[in-house]
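Trainee: I should like to examine a structure with you, question by question. May we begin once it is displayed?

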Amino acid sequence: MLQVYLDPCTVNSRKVLAGLALLGTEYKYHFIDYFAGQQKSEDFKKINPSATLPAAIDDDLTLTESNAILQYAADLEGSSAYPKDLKKRADINRWLLWEASAWFPSCYVYLVEFVVKPLLNAEPDQAAIDAQASRWTQLASILDQTLSKSKWLTGEHISIADIAVAAPMHLHKAQQLPLDKMPHLKRWIADIEQLPCWQQTQSAVDRALLPEAAAANGSHPATAGNGANGNTHKDVRAEFNYTKDVQQATELYFYESEQAKNIHEPGDDPQEMAVHDGWHRADTFSVEKEGFSLHEFKTAYDQWDDDAAVKTSFYPDIVEFLKKSQGAKRVLVFDHTIRSKTNADKKLTQESNTSQRAPVTLVHCDYTAESGPLRVQQLMGDEAQDLLSRRVAFFNVWKPIRRVVEEHPLAMCDVSSSPPADFFKLYLRYRDRNGENYVMRHNPDHKWWYFPSMSTDQVILLKTFDSETDGRARWVGHSAFRDPTSADDAPFRESVEIRTIAFF
């Protein structure tokens, strides 16, 4: 699988991410913090001695130029966005070379003066803009004339040249690029901005470089956790309750029983771990790679104390959300849990009113390779065999309610850092049945993520089981944790978790 190293807020990194999305290329993402200077580290310079972003690796091949990465990825996919026809390909190649040698340097002057300098509390240099103006107009006129004859740069079909040439002007409004006299160029960039591959890479740019625009659009503001210039992420160190992998079974009883004496209970191996602020790359997390993702989810629903109303009025919104975001043909919502101050003193193993509980500070995942299919059989009856013949995935939708999360946030253990061997079974003993969760043994290589100050207009999607065994993430470890930076009087975290099964 292609490995990409980048920071999504930079011009050429955004180009690659949007291009890979357009091409449908699978890749593994490695975040390199541009504003923190990680591209200058000795480790990264082993990949790219020029200390620039982005870079990509595929087995023994290393690529360090954004357009070369797009060309290679397009050939991997056999994409029509980079056709094999020699004349069409030559036309695309000349735009890629033109972008890198002429268009990018010209647009970059406007980006530095009108976007980067204000972030650094510096004044734009009008003399630099004036010196570049005639050159930019000359180059923009070339584009405008070309686009007067066709929808896209090389004809009626989009190509990687369109993504490459759009990237240097990706913040054209903030860059104050004079587009008013370039009607065809203006039309074209508006068309680019309607592309899903472009839209899904926009908010990471806004949060890092346009914090005011991000706040206005409902995105998490950079100042809440990342700092306006993107270099003060709110990483913390916190304790996570892992479980020792001992000779006997690890169990929890949800009723009083003599058999519950002398059992090995989970959470007996607390370990301090780094927890990374995920806001700077929120749009790049994927349930298929890291095992979780963040989404905007606005709702007027607020009857969280009424379980029946949650089921009748809120569940349908979750069904539509998962169908749209995951491409599921059918979605079953089968359970939910409200976590609030009212339930703070409840035991994890309390039998009654299980839809009302306290945050769980245990590193775990809700299903195992065996309990996922079993749950489908329990819930779907005669349909189960047919449904299990195709892909089935369990998702938890985790959402703050009533207020911003200020304490006990949810953290996720990146699947790329947690191999299957780190999971083992926790047996759940109920009066009428047995269940299984996964707990996790400690591994110092685990990478934890969270989203500080998460609002009620956002949800985290957690994958808790996937029947596919093709290399995608199948389940993700997660846990609430005590944030050492939370104020002593921070309001108790209130959230809802909706448990679902998606059928494909």
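Mentor: Let us first fix a term: helices (H or I, at least four residues) and strands (E, at least two) are DSSP runs, numbered from the N terminus. This is a predicted model, in which local features need pLDDT of at least 70 and side-chain atom pairs count only at pLDDT 80 or more, while totals for chains, interfaces and linings use all residues. Residues are numbered from 1 along each chain as its sequence is written, and side-chain values use heavy atoms, with hydrogens and water left out.

Trainee: In which strand does Ile57 lie, and does it count as buried or exposed?

Mentor: Ile57 belongs to strand S3, residues 55-58. Buried means under 20% relative accessible area, exposed over 50%, and partly exposed in between (1.4 Å probe, protein chains only). The relative accessibility of Ile57 is 18%, so this residue counts as buried.

Trainee: Which residues are in contact with Ile57, leaving aside its neighbours within four places in sequence?

Mentor: Contact means heavy atoms within 4.5 Å. The C-alpha atoms of Ile57 and Met1 are 8.7 Å apart, although 56 residues separate them along the chain. With neighbours within four places in sequence left aside, the contacts of Ile57 are Met1, Leu2, Gln3, Tyr5, Ile47 and Thr62.

Trainee: How many aromatic pairs are there?

Mentor: A pair of aromatic rings is described by the distance of the centres and the angle of the planes. Rings of Phe, Tyr and Trp (its six-membered ring) pair if their centres lie within 6.5 Å; planes under 30 degrees apart count as stacked, over 60 as edge-to-face and the rest as tilted. By this rule the count is 28 aromatic pairs.

Trainee: What kind of pair do Phe285 and Phe451 form, and how many residues apart in sequence are the parts that the pair ties together?

Mentor: The ring centres of Phe285 and Phe451 are 5.8 Å apart and the planes stand at 85 degrees, so the pair is edge-to-face. Both Phe285 and Phe451 are buried. Phe285 lies in the loop between strand S7 (269-277) and strand S8 (292-296), and Phe451 in the loop between strand S16 (448-450) and strand S17 (458-466), so the pair ties together parts that are apart in sequence by 166 residues.

Trainee: What kind of pair do Phe292 and Phe451 form?

Mentor: Phe292 counts as buried because its relative accessibility is 0%. The ring centres of Phe292 and Phe451 are 6.4 Å apart and the planes are at 70 degrees, so this pair is edge-to-face.

Trainee: Over which ring does the charged end of Arg433 sit?

Mentor: A charge sits over a ring if NZ of Lys or CZ of Arg is within 6 Å of the ring centre and within 35 degrees of the ring normal. The charged end of Arg281 sits over the ring of Trp449, 5.1 Å from its centre. For Arg433, at 4.4 Å from the ring centre, the ring is that of Tyr430.

Trainee: How are H5 and H8 oriented to each other?

Mentor: Axes are lines fitted to C-alpha atoms, for helices over the stretch in contact, and angles run from 0 to 180 degrees between N-to-C directions. The axes of H5 and helix H8 (residues 183-192) come within 7 Å and cross at roughly 80 degrees. Angles under 35 degrees count as roughly parallel, over 145 as roughly antiparallel, 65 to 115 as roughly perpendicular and the rest as oblique. H5 is therefore, with respect to H8, roughly perpendicular.
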